[in-house]
Amino acid sequence: MRYICVHGHFYQPPRENPSLEAIEVQDSAYPYHDWNERVTAECYARNAVSRILDSEERIVEMVNNYSRMSFNFGPTLLSWLEAKAKSVYDAIVEADRASQQTFGGHGSAMAQAYNHMIMPLANRRDKVTQVRWGIRDFQHRFGRMPEGMWLPETAVDMETLDVLAEHGIKFTVLAPRQARRVRRRTGRGWKDVSGARIDPSRAYLQRLSSRRQINLFFYDGPISQAVAFEGLLSSGERFAERLISGFSDARDWPQMVHIATDGETYGHHHKFGEMALTYALQHIQSNQLAEITNYGQYLERHPPDHFVEILPNTSWSCEHGIERWRTNCGCNTGRGWSQEWRAPLREALDWLRDSLATPYAQNAAALLKEPWQARDSYIDVILDRSPESLDRFFSQHATRELDHNDRVRALKLLELQRHALLMYTSCGWFFDELSGLETVQVIHYAGRAVQLAQELFGDNLEGQFIDHLRKAKSNLPEHGDGGQIYEKWVKPAVVDMKKLAAHYAISSVFEPYGDDTRIYCYDAHREAYTANTVGKMRLAVGRARFNSEITRETAGYAFGVLHTGDHNVRAGVADSHGDGDFEQLVQHLSDAFSRADAAEVTRLIDERFGQQVYSLKSLFKDEQRKIVGLVIEETLAEALNAYKGIYDHHAPLIRFLNALGIPLPPAFQAAATQALNGQLRLAFGRPDLDIEGMRGLLKEASSINVALDVEGLEYAIRRRVEQSACHLANDRPGLEGLKKLNRLLELVTSLPFPINLWKTQNVVYGWLKKPEEQPGTSVPVEPSAADVWRHEVQQLKEHLRLQTLK
């Protein structure tokens, strides 16, 4: 009667631009686009296809860890995975289905309070919305009612537990230090278990003032700590032994050793941690050391026979309760900075929330029957923004048949409330500095709420909010305070329709659009467009209509853009002119442009579109990077050729100096580094790979001790190998495709740095498990060809360390 349960809390701080509903490029995640993408590669994807190795470290089997553990994913993270990493998302959903088969009808997935808000610091209305949104999001994705719900940072109070129980949640998981006292259900005497002294091996029942009750589990603190912070995942065998050590012969009840950590522990925080988890669970199960289970199954088999009383206003990551999210309590990451900014930041957001509540309720009452119930139901629109979904929502909640403008206003009101919830995401207070990414992100959400409030109510809310933010002081003099941070980073990132039109206009000069274009959460329909080129100069004049998928707001604008070469762009945007005015504008601009009179074109743009000037700085970040790349591509090629010329001319001298052990002069070192890294990048980007040529470049770089751009080159080579593997598995290139992949892998094994072949192994493993080694065709029937085929397949398995089937 011994059980093991491993819980992973999988969550990423939200990172999207609230105006675009998308994550823009994050340089700190290089070579990935953003941190969600990077952590997915290092953790979420790896746990979906984890490895079991043999004694020679060859892959014997690939398993989905999610189907064997308990887990929860933050709803905002699942939304991103569904859009950006669909195969990983599908594996997570499928794991819950599989776990129901394994664990007696109890799925391993738990829900989560929607956007990781610290629940004890929320008012009851916000608690209810967080729980309802979390449940509805879970039902939408997993197709069932959740049994358990994870509380962000396991932060808890009695009201939060009551809201969970009210909404049908059967259990949650807490840290051992969050228990105050326990007693048998049949007894009367309470036992003090404060200070993390509760026995974690059973379930407990918490009675609530509303006469409801909820089941609670308290995870094993020491083992969880060892997994997260003490390197236990360096050995799967040691991990299994430590889990088993949690059992005690002194217990005479069905005991469960269960741990809970951040899910990112398995692969992101600890490389190969997902494999340690796979091995540990496999070892325990195959040797019958304990039964692997999840919370729902254990609870059904062994209902609690003890009551518990929690310590309210406590959490798993703050020794001081929940002070980490509202005061300078001393909890930080050790950089020596003050966190006095935490209290005034929370006070500023509380002021904003309360300032928005009354005008929201008053304005929404004219459009929605019950404004706060409508907010609770708005999750259905967030999950499905189709016209049909909107019709269903308004048919249920609208006070009457709403016209387009009324619908826009209602959606803006609801979006205002969504961002007033998102701005309380816990990460905003967790780290050390006010100007940190996570803290700025919650201020971005507040900024979006302020923008919508000013559009709806027309008051000077922004100025008052900035005054409140000024009370939060940064540790860094250059950032000053929260008000300066808002002005520096939040305000410029806010997008309105005019700024969207400017982005569309400028980017159209470099990458022409069709009649209908998607720009993040907006649709653009081109009504008229003309473009002219004279030498390096380009002129674009057009008219387009824009529509927000989120609020259904629409607006039409005319625009003119002059590109005089390189990074020099000047654009103007104004409300859409009538047909006659627009045609006259096109004629005047085209006439001046045909004379190459840039000054006159500039004057006309300023005259017709006003003095607000847009440039490359006005582009959204990803498109800005892309277009700047196009602008400087020719210049970079010239620079690379210059470095290559210097290096080629002086290569004999460079080799001679290196042979003598004389340090290269900085100019020679720079030329060699840029020339060889540049040539390698170009070589790996060519459609037809010159493998011998690349080997020569690598040998040359090694001979003169050139520092390779390992991270950038590894990423480029890895993607090239993955493309070749996918081509083999999906496009049926036959023997030539198989040989090509093998030659590429031979090059990989000779590189002076390792290449991550994880995805390639997944693709080939799946291909080898199919009924035929070459899907869609037959294995060559001629003996000689069949022998070559088998030899190449065997080589492929050896390159990828696969011991599987054929």
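This briefing looks at how aromatic rings meet one another, and meet charged side chains, in this structure. The model is predicted. Ring pairing counts when two ring centres lie within 6.5 Å, and by this rule there are 30 aromatic pairs. Let's visit some of them.

**The pair of phenylalanine 10 and tyrosine 66**
- Phenylalanine 10 and tyrosine 66 meet edge-to-face, with 5.4 Å from centre to centre and 75 degrees between the planes.
- Phenylalanine 10 belongs to strand S1 (residues 2–10), while tyrosine 66 sits in the loop between strand S3 (59–63) and strand S4 (70–73), so this pair ties together parts that are 56 residues apart in sequence.
- Phenylalanine 10 is buried, at a relative accessible area of 0%, and tyrosine 66 is buried with a value of 0% too.

**The pair of phenylalanine 465 and tyrosine 486**
- Why is the pair of phenylalanine 465 and tyrosine 486 edge-to-face? Their planes are at 85 degrees, with the ring centres 5.9 Å apart, and planes over 60 degrees apart count as edge-to-face.
- Phenylalanine 465 is in helix H17 (residues 461–469) and tyrosine 486 is in helix H18 (residues 482–493), so the pair links distant parts of the chain, 21 residues apart.
- Both phenylalanine 465 and tyrosine 486 are buried.

**A cluster of rings**
- Which residues do ring pairs link into a cluster? They are Tyr504, Tyr513, Tyr529, Phe546, Tyr557 and Phe559.

**Charges over rings**
- Arginine 202 lies over the face of tryptophan 253, 3.7 Å from the ring centre.
- Arginine 543 has its charged end over the ring of phenylalanine 582, at 4.9 Å from the centre of that ring.

Technical notes. Residues numbered from 1 in each chain as written. Predicted model: local features only at pLDDT ≥ 70, side-chain atom pairs only at ≥ 80, totals over all residues. Heavy atoms only, no water. Phe/Tyr/Trp six-rings, centres within 6.5 Å; stacked < 30°, edge-to-face > 60°. Helix = DSSP H or I, 4+ residues; strand = E, 2+ residues; numbered from the N terminus. Buried < 20%, exposed > 50% of the residue type's maximum accessible area, 1.4 Å probe, protein only. Lys NZ or Arg CZ within 6 Å of the ring centre and 35° of its normal.
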